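Reader: I have a new model open on my screen and would like to talk through its labels. Could you take me through the reasoning behind them?

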Amino acid sequence: MLDPQSLIRFEDFDLDALELQGLNLLVGLRGHADAGHALAQVRAELLDSLNPKLIASFDIDQLINYRERRPQISFLGDHYAAYQAPRLELYRLTDGLERDFLFLTGPEPDLAWERVSAAIIALVEAFNIRLTVSFDAVPMPVPHTRPLGVTAHGNREELITGISTWTPTAELPASLTSLLEIRLNEAGKDAVGYSIHVPHYLAEAEYPQVAVGILEYVGAALELGLPTDRLREAGRNLESQIADQVAATPEVARMVENFEQRFDQHVPETERRSLLVTANAELPDGDELAMAAEAFLSGFPEADGTATKD
């Protein structure tokens, strides 16, 4: 087996420089669930605004199953060009308060999760990283008319206690970030994560509100001033479109109203139970959710300005 650190290629930096020591690490990977296009929005906002400097990259050819997840390439009449290779990269960013932090971002690897986790822990140790924070966004049967919910997890009690709006006990599909949190805890390193709840009927759309929520939670945990102004403005513009579409789609309006009632009924509760259902009620089944989501999304314009059609 290769040394886990062989997965990493460093840029021309003085890796022993004090400016790289004692920072915090934010981890944002595009996995199987990226509701509301959360990672793409957070990544774009941070890399566009916070003076990124590439520190290292992973050897992605060892980590991606290209037959299952094919990159994009352009065909220009008679030749191919602009191959969009996947990239898993570590950046140093500087927030609006002139505080530096590290940001690991890219596609979640298909392969070698243990080796990648070991390589990240080696980075944590080499750079004396104080806290590792991860995030993701998951589709949930919750209304868009209420504050976004969150499930906080990790080993820093002061950063997770009293924050979660839903704390289930459940068997879930694993992710690299969930495995990494376990391995960091086993290694005696501080790690927390925030899973933001996105209305399921908006999960396939670009939903700026979820990116704002992520930046607020991770910014507070990392004591950073992260940019949200552009995302907030985009969210305000989207809200009016959503309101119009809900008003024009009776089945979606009824669904949202039901979710509002369930949400409001259980907001005060602190027991480990779902906020989404009453004691005697069941979640809507998959067909009901799919029909409502299809009806809702059918009214949104596509890139060419036309409404989607069945």
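Reader: Happy to start small. Why is Glu 45 called buried?

Author: Glu 45 has a relative accessibility of 7%. Buried means under 20%, so Glu 45 counts as buried. Do keep in mind that this is a predicted model.

Reader: Which residue does Glu 45 pair with, and what makes the pair a salt bridge?

Author: The partner is Arg 230, and the closest N and O atoms are 3.2 Å apart. The rule asks for a side-chain nitrogen of Lys or Arg within 4 Å of a carboxyl oxygen of Asp or Glu, so this pair qualifies. Arg 230 sits in helix H6 (residues 229-248) and Glu 45 in helix H1, so the bridge links distant parts of the chain, 185 residues apart.

Reader: And why is Arg 230 called partly exposed?

Author: Its relative accessible area is 49%. Exposed begins over 50% and buried lies under 20%, so Arg 230 falls in between and is partly exposed.

Reader: How many salt bridges does the rule give?

Author: The count comes to 13. Two of them involve Arg 156: one with Glu 158, at 2.5 Å from N to O, and one with Asp 190, where the closest N and O atoms are 3.3 Å apart.

Reader: How do you know that the pair of Arg 156 and Asp 190 links distant parts of the chain?

Author: Look at where the two residues sit. Arg 156 is in the loop between S9 and helix H3 (157-160), Asp 190 is in the loop between H4 and S10, and they are 34 residues apart. Salt bridges that share partners also join Glu 114, Arg 183 and Glu 186 into one network.

Reader: What are the exposure labels of Arg 156, Glu 158 and Asp 190, and why?

Author: Glu 158 has 53% relative accessibility, which is over 50%, so it is exposed. Arg 156 has 22% and Asp 190 has 30%. Both values lie between the two cut-offs, so Arg 156 and Asp 190 are partly exposed.

Reader: Let's go to the surface. What makes Tyr 83 eligible for a nonpolar patch?

Author: A patch residue needs over 30% relative accessible area and no salt bridge. Tyr 83 has 48%, so it passes the area test, and it is partly exposed. Together with Ile 73, Phe 75 and Tyr 80, Tyr 83 makes a nonpolar surface patch of about 480 Å². In the chain, Tyr 83 is placed in the loop between strand S5 (80-81) and strand S6 (89-94).

Reader: Now the empty spaces. What makes one space a cavity and another a pocket?

Author: In a cavity a 1.4 Å probe fits but cannot get out, whereas a pocket is an open set of points. The search finds 3 cavities of 30 Å³ or more. The largest cavity has a volume of about 40 Å³, so it is above that limit.

Reader: Which elements line the largest cavity?

Author: S8, H4 and S10 give two or more residues each, and H4 gives the most, with 4 residues. Among the lining residues are Val 27, Leu 180, Glu 181 and Val 192. By class, the lining has 6 nonpolar, 3 polar and 1 charged residues.

Reader: What volume does the largest pocket have, and which residues lie nearest its centre?

Author: The largest pocket has about 1100 Å³. Its lining has 39 residues, and Asp 136, His 153, Leu 172, Pro 173 and Ser 195 lie nearest the centre. Strand S2 (25-30), strand S8 (132-140), strand S9 (150-154), helix H4 (176-186) and strand S10 (191-199) each give two or more residues. By class, the lining has 17 nonpolar, 16 polar and 6 charged residues.

Reader: How does the second largest pocket look in those terms?

Author: About 430 Å³ of space lies there. The lining has 16 residues, with Arg 30, Ala 85, Pro 86, Arg 87 and Pro 107 nearest the centre. Helix H1 (38-49) and strand S7 (100-107) each supply at least two residues. The classes are 7 nonpolar, 4 polar and 5 charged.

Key:
Residues are numbered from 1 along each chain as its sequence is written. This is a predicted model: local features need pLDDT of at least 70, side-chain atom pairs count only at pLDDT 80 or more; totals for chains, interfaces and linings use all residues. Side-chain values use heavy atoms; hydrogens and water are left out. On a 1 Å grid over the protein atoms alone, a cavity is a set of points where a 1.4 Å probe fits but cannot get out, and a pocket is an open set with protein on both sides within 12 Å along at least five of seven lines; lining residues have an atom within 4 Å of a point. Ala, Val, Leu, Ile, Met, Phe, Trp, Tyr, Cys and Pro count as nonpolar, Asp, Glu, Lys and Arg as charged, and the others, Gly among them, as polar. Patches are made of residues with over 30% relative accessible area and no salt bridge: like charges are joined within 9 Å, nonpolar side chains (Val, Leu, Ile, Met, Phe, Trp, Tyr) within 5 Å. Accessible areas come from the Shrake-Rupley method with a 1.4 Å probe; for residues, only the protein chains shown count as cover. Buried means under 20% relative accessible area, exposed over 50%, partly exposed in between (1.4 Å probe, protein chains only).
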